[in-house]
Amino acid sequence: QVQPVESGGGLVQTGGSLRLSCAASGPTLNRYDMGWFRQAPGKEREFVAATSWNGGSRGAADSVKGRFTASRENDKNIVYLQMNSLKPEDTAVYYCAAKLTSYMNTYYRDPDDYDYWGQGTQVTVSS
(Lines give C-alpha, C1' and ligand atoms only; values in the text may rest on other atoms or scores of the structure.)
Protein backbone atom coordinates (compact mmCIF):
# COMPACT_ATOMS: atom_id res chain seq x y z
CA GLN A 1 0.00 0.00 0.00
CA VAL A 2 1.09 3.57 -0.63
CA GLN A 3 2.31 5.81 2.18
CA PRO A 4 2.15 9.54 1.40
CA VAL A 5 4.73 11.80 3.05
CA GLU A 6 4.27 15.58 2.93
CA SER A 7 7.03 18.19 3.03
CA GLY A 8 7.54 21.86 2.27
CA GLY A 9 5.47 23.50 4.96
CA GLY A 10 6.69 26.44 6.99
CA LEU A 11 6.17 30.05 7.95
CA VAL A 12 5.46 32.59 5.22
CA GLN A 13 4.20 36.16 5.10
CA THR A 14 0.87 37.20 3.66
CA GLY A 15 1.09 37.28 -0.12
CA GLY A 16 3.93 34.79 -0.23
CA SER A 17 4.16 31.38 -1.86
CA LEU A 18 4.95 27.84 -0.82
CA ARG A 19 5.08 24.55 -2.70
CA LEU A 20 4.16 21.45 -0.77
CA SER A 21 5.36 18.07 -1.95
CA CYS A 22 3.87 14.65 -1.35
CA ALA A 23 6.20 11.76 -2.00
CA ALA A 24 5.02 8.20 -1.91
CA SER A 25 6.69 5.04 -0.76
CA GLY A 26 5.34 1.75 -1.99
CA PRO A 27 3.34 1.42 -5.21
CA THR A 28 3.76 4.04 -7.89
CA LEU A 29 1.50 7.05 -7.64
CA ASN A 30 -0.02 6.52 -11.08
CA ARG A 31 -2.31 3.98 -9.44
CA TYR A 32 -3.83 6.69 -7.24
CA ASP A 33 -5.99 9.76 -7.47
CA MET A 34 -4.49 12.32 -5.11
CA GLY A 35 -5.93 15.04 -2.94
CA TRP A 36 -4.83 17.81 -0.62
CA PHE A 37 -6.79 18.69 2.50
CA ARG A 38 -6.20 21.01 5.43
CA GLN A 39 -7.30 21.34 9.01
CA ALA A 40 -7.06 24.49 11.08
CA PRO A 41 -7.33 24.43 14.90
CA GLY A 42 -10.92 23.95 15.99
CA LYS A 43 -12.13 23.30 12.45
CA GLU A 44 -12.98 20.24 10.42
CA ARG A 45 -10.69 18.89 7.75
CA GLU A 46 -11.54 20.50 4.42
CA PHE A 47 -10.83 19.86 0.77
CA VAL A 48 -8.16 22.05 -0.84
CA ALA A 49 -7.25 20.63 -4.24
CA ALA A 50 -6.98 17.34 -6.07
CA THR A 51 -5.80 15.66 -9.24
CA SER A 52 -6.84 12.52 -11.07
CA TRP A 53 -4.39 9.64 -11.46
CA ASN A 54 -2.83 11.06 -14.62
CA GLY A 55 -3.27 14.77 -13.92
CA GLY A 56 -5.90 15.02 -16.64
CA SER A 57 -8.50 16.36 -14.25
CA ARG A 58 -7.74 18.82 -11.48
CA GLY A 59 -9.74 21.07 -9.23
CA ALA A 60 -9.62 23.25 -6.15
CA ALA A 61 -11.93 24.55 -3.45
CA ASP A 62 -13.57 27.91 -4.09
CA SER A 63 -11.61 29.42 -1.20
CA VAL A 64 -8.29 28.74 -2.93
CA LYS A 65 -9.26 28.67 -6.61
CA GLY A 66 -6.91 30.80 -8.67
CA ARG A 67 -4.27 30.69 -5.90
CA PHE A 68 -3.60 26.97 -5.28
CA THR A 69 -2.90 24.29 -7.86
CA ALA A 70 -2.40 20.55 -7.48
CA SER A 71 -0.08 18.84 -9.94
CA ARG A 72 1.87 15.62 -10.19
CA GLU A 73 4.95 14.01 -11.69
CA ASN A 74 4.18 10.32 -11.78
CA ASP A 75 7.63 9.42 -13.09
CA LYS A 76 9.06 10.92 -9.88
CA ASN A 77 6.27 9.59 -7.64
CA ILE A 78 5.53 13.11 -6.36
CA VAL A 79 2.43 15.28 -6.10
CA TYR A 80 2.62 19.02 -5.51
CA LEU A 81 0.44 21.76 -4.10
CA GLN A 82 1.55 25.15 -5.35
CA MET A 83 0.20 27.87 -3.06
CA ASN A 84 0.38 31.50 -4.12
CA SER A 85 -0.98 34.73 -2.63
CA LEU A 86 -1.20 33.12 0.77
CA LYS A 87 -3.50 34.57 3.39
CA PRO A 88 -3.55 34.18 7.20
CA GLU A 89 -6.73 32.09 6.85
CA ASP A 90 -4.70 29.52 4.90
CA THR A 91 -2.89 28.64 8.12
CA ALA A 92 -3.49 24.94 8.81
CA VAL A 93 -1.97 21.50 8.78
CA TYR A 94 -1.99 20.29 5.18
CA TYR A 95 -2.50 16.63 4.37
CA CYS A 96 -1.87 14.61 1.25
CA ALA A 97 -4.22 11.69 0.57
CA ALA A 98 -4.34 8.85 -1.94
CA LYS A 99 -7.29 6.99 -3.43
CA LEU A 100 -6.80 3.82 -5.46
CA THR A 101 -7.87 4.92 -8.90
CA SER A 102 -10.57 3.46 -11.15
CA TYR A 103 -8.86 5.22 -14.08
CA MET A 104 -11.68 7.67 -14.59
CA ASN A 105 -10.74 11.19 -15.55
CA THR A 106 -12.02 12.78 -12.39
CA TYR A 107 -10.84 14.08 -9.02
CA TYR A 108 -12.41 13.69 -5.59
CA ARG A 109 -13.36 16.28 -2.95
CA ASP A 110 -14.72 14.07 -0.19
CA PRO A 111 -12.09 12.99 2.36
CA ASP A 112 -14.05 9.76 2.86
CA ASP A 113 -13.13 8.76 -0.70
CA TYR A 114 -9.45 8.54 0.22
CA ASP A 115 -7.76 5.45 1.55
CA TYR A 116 -4.30 6.58 2.62
CA TRP A 117 -3.19 9.73 4.42
CA GLY A 118 0.09 11.40 5.23
CA GLN A 119 1.03 12.81 8.63
CA GLY A 120 0.57 16.42 7.56
CA THR A 121 2.79 19.48 7.28
CA GLN A 122 2.18 22.78 9.05
CA VAL A 123 1.68 25.95 7.01
CA THR A 124 1.58 29.23 8.91
CA VAL A 125 0.85 32.52 7.18
CA SER A 126 1.71 35.62 9.19
CA SER A 127 -0.17 38.87 8.75
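Trainee: What radius of gyration does the chain have, and what would a compact globule of 127 residues have?

Mentor: The chain has 13 Å, which agrees with the value near 14 Å for a compact globule of 127 residues. The radius is taken over C-alpha atoms, and the globule rule is 2.2 Å times the number of residues to the power 0.38. This is a predicted model: local features need pLDDT of at least 70, side-chain atom pairs count only at pLDDT 80 or more, while totals for chains, interfaces and linings use all residues. Residues are numbered from 1 along each chain as its sequence is written, and side-chain values use heavy atoms, leaving out hydrogens and water.

Trainee: Okay, how many helices and strands are there?

Mentor: Zero helices and eleven strands. Those are DSSP runs numbered from the N terminus: helices are H or I with at least four residues, strands are E with at least two.

Trainee: In what order do the four strands of the open sheet come?

Mentor: β1-β3-β8-β7, with antiparallel pairing; strands pair if DSSP finds at least two bridges between them.

Trainee: And which strands stand at the edges?

Mentor: β1 (3-7) and β7; each has a single partner strand, so one side of each lacks a neighbour in the sheet. Between β1 and β3 there are five bridges, and Val5 sits opposite Ala23 in β3.

Trainee: Switching topic, what does Leu81 touch?

Mentor: Leaving out residues up to four places away in sequence, its contacts include Leu18, Trp36, Val48, Phe68 and Tyr94. Contact means heavy atoms within 4.5 Å.
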